[in-house]
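Welcome, and thanks for taking a look at this one. Below is a short briefing to read alongside the sequence and the model.

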Amino acid sequence: MNCGNMQANGEEQDRDSELSCRNGAQNGESSSVGAAHSNGLLSVTNNGNAVSNNNGVPAQPKKRLSQSEEDVIRLIGQHLNDLGLNQTVDLLMQESGCRLEHPSATKFRNHVIEGEWDKAESDLNELKALMHSPSAIVRMKFLLLQQKYLEYLEDGKVLEALQVLRAELTPLKYNTERIHILSGYLMCSHADDLRAKAEWEGKGTVSRTKLLDKLQTYLPPSVMLPPRRLQTLLKQAVELQRERCLYHNTKLDSGLDTVSLLLDHACSRKQFPCYTQQILTEHCNEVWFCKFSNNGTKLATGSKDTTVIVWQVDMETQQLKLMKTLEGHAYGVSYLAWSPDDTYLIACGPDDCSELWLWNIQTGELRTKMSQSHEDSLTSVAWNPDGKRFVTGGQRGQFYQCDLDGNLLDSWEGVRVQCLWCLTDGRTVLASDTHQRIRGYNFEDLTDRNIVQEDHPIMSFTVSKNGRLALLNVATQGVHLWDLQDRVLVRKYQGVTQGFYTIHSCFGGHNEDFIASGSEDHKVYIWHRRSELPIAELTGHTRTVNCVSWNPVLPGLLASASDDGTVRIWGPAPFLDVQDAEGLNGMYIKISVCNC
């Protein structure tokens, strides 16, 4: 790489002098004596003092560029160099008086790319004086020799490779475990076998460029810029804008080709599930619960009218159609839980219900009707991740683990359960109880521990997919977010009206960035997970909204169940203008139009 105004190897290595744009020109003027501009003007300097150009107009006095200006020029130069615009880079460096990287780094880069390993190793001696941590030279040397060794092996030069291993790599006394692995490659029968076992691209520009990227991490950026630094900064800027966008709810490519860098990222509220797409009116009494299946293709709703309705979700149009009705729940249905593979659905009733129903959704048949005792109150249930067991319980002190046939496997005495959740470890069950807490229970070693303690009754809770966060609906307090690992209250969300009714909230949206909850004021509230104030209040229901469920596959689809006897399906606005559809980022959003 040719970079203008490179300093000689023996020059002073002070960092300021290394990076300075010596007598750098401003406004496109050349720093070279007598250099011609594209506009035909000539700029000449005399001992640093500006003189007139050939039109008699005094030249602007030259000004030393700031550190940030130098950095920008170097970033642009690196990007242009990656694009192959080498002459442009030379001119940029010449006019600015900057240099892209230290001359020793340029030599080192060229020798690595050309595979001149002895010269590259010699370059390390020059670079050592420029490094913050000279001890890193050993690591850099190890990486160089490793590449040299692998290339010898690929070329069939086994004796030379063995010499590198014994006489150069081993004496470094660094990463002996890796040296043992490298020695095993001597047994590879052919080059393809070597590349496969070493997970290596083979001799050439690709592997050497990757090697350079690793080597660069040991060099200060003043000596050699990190690879593709400008693209990295731009990606970070785009990601930060998305994180700060309250309505960003789509999974976009992390690459820069799908976004415009000329505008700030902004998603329209019209793209968010704030608009009624459908009103499901098939229930004839209060609807107490709703839950999308894990694959997002079905919605189950439970009602006081003693039925469970399973709805089919059209994944293209995002419209719901009645699939089947499950009848016979004499006490009404207040809680539903899908098995991990969505084959089964368990239905529980209100406090006075001692029965639990397990339906095979594929056949529509009742697999199990479980009741341990008429004194029980089985109001909550959670599936073990293996899909072969579940736990259930109620406020009268029942807490059971059962198989698919309803056989009792384990029980926990005297625990008054309000809500349950099985963690992904397959052993721990979380249970909220009448002591305003959530405890973790291990059915294998029969141990339990306190995790969350609230000051008011926990009416319901749910856990994020990664098992880290718990979302609680707390009587008279609203919605609270807890970190289960650190056991700390993270956030209290404002706006919702929560008395002593059982209201179920949920995580949802892309990456579970959002939280939704029903409310006793007939609304659905939505918050961004990081913001305590709601970003949307959805109106339309005429009585308490008991439950909300966000589709886990379609981030723009939300369901809510209400005492008004309806289930509302929420989605983006039926019609968007072009700017809204593009979301100001070049990505078109597919919108389904409600026909209800």
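Where does UniProt place the feature "repeat: WD"? The unreviewed entry puts it at residues 280-321, 326-357 and 538-570. Please keep in mind that the model is predicted. The notes below go from the whole protein to two of the repeat spans, then to a sheet of four strands and a serine in one of its edge strands.

**The protein as a whole**
- The secondary structure comes to 12 helices and 30 strands.
- The protein has 596 residues, and 51% of them count as buried.
- Its exposed surface is about 27,900 Å², with carbon and sulfur atoms supplying 48% of that area.
- Among contacts with a separation of 6 or more, 50% come from residues 24 or more positions apart.

**Two of the annotated repeat spans**
- Residues 326-357 contain 38% strand and 0% helix, and the C-alpha atoms at the two ends of this span are 10 Å apart.
- Residues 538-570 contain 48% strand, again with 0% helix. Here the end C-alpha atoms lie 9 Å apart.

**A sheet of four strands**
- Strands S12, S13, S14 and S15 form an open sheet in the order S12-S13-S14-S15, with antiparallel pairing.
- At the edges are strand S12 (380-383) and strand S15 (408-411), each of which pairs on one side only.
- On average, neighbouring strands of this sheet are turned by 25° against each other, direction ignored.
- As general background, strands of a sheet pair through backbone hydrogen bonds, in either a parallel or an antiparallel way.
- Strand S14 (residues 399-403) runs antiparallel to S15, and three bridges join the two.
- Within this pair of strands, cysteine 402 stands opposite leucine 408 in S15.

**Serine 380, in an edge strand**
- You will find serine 380 in strand S12, which is one of the edge strands of the sheet.
- Is serine 380 buried or exposed? Serine 380 has a relative accessible area of 1%, so it counts as buried, the cut-off being under 20%.
- What does serine 380 touch, leaving aside residues up to four places away in sequence? The residues are Tyr335, Cys348, Val391, Thr392, Gly393, Gln418, Cys419 and Leu420.
- For leucine 420 there is also a polar detail: its backbone nitrogen lies 3.2 Å from a polar atom of the serine 380 side chain.

Key
Residues numbered from 1 in each chain as written. Predicted model: local features only at pLDDT ≥ 70, side-chain atom pairs only at ≥ 80, totals over all residues. Heavy atoms only, no water. UniProt positions renumbered as here; feature names shortened; annotations may be inferred. Pairing = 2+ DSSP bridges. Axes fitted to C-alpha atoms, helices over the stretch in contact; angles between N-to-C directions. Buried < 20%, exposed > 50% of the residue type's maximum accessible area, 1.4 Å probe, protein only. Polar contact = N/O pair within 3.5 Å; in protein donor to acceptor, adjacent residues only side chain to side chain. Contact = heavy atoms within 4.5 Å. Areas by Shrake-Rupley, 256 points an atom, 1.4 Å probe, with all protein chains shown as cover.
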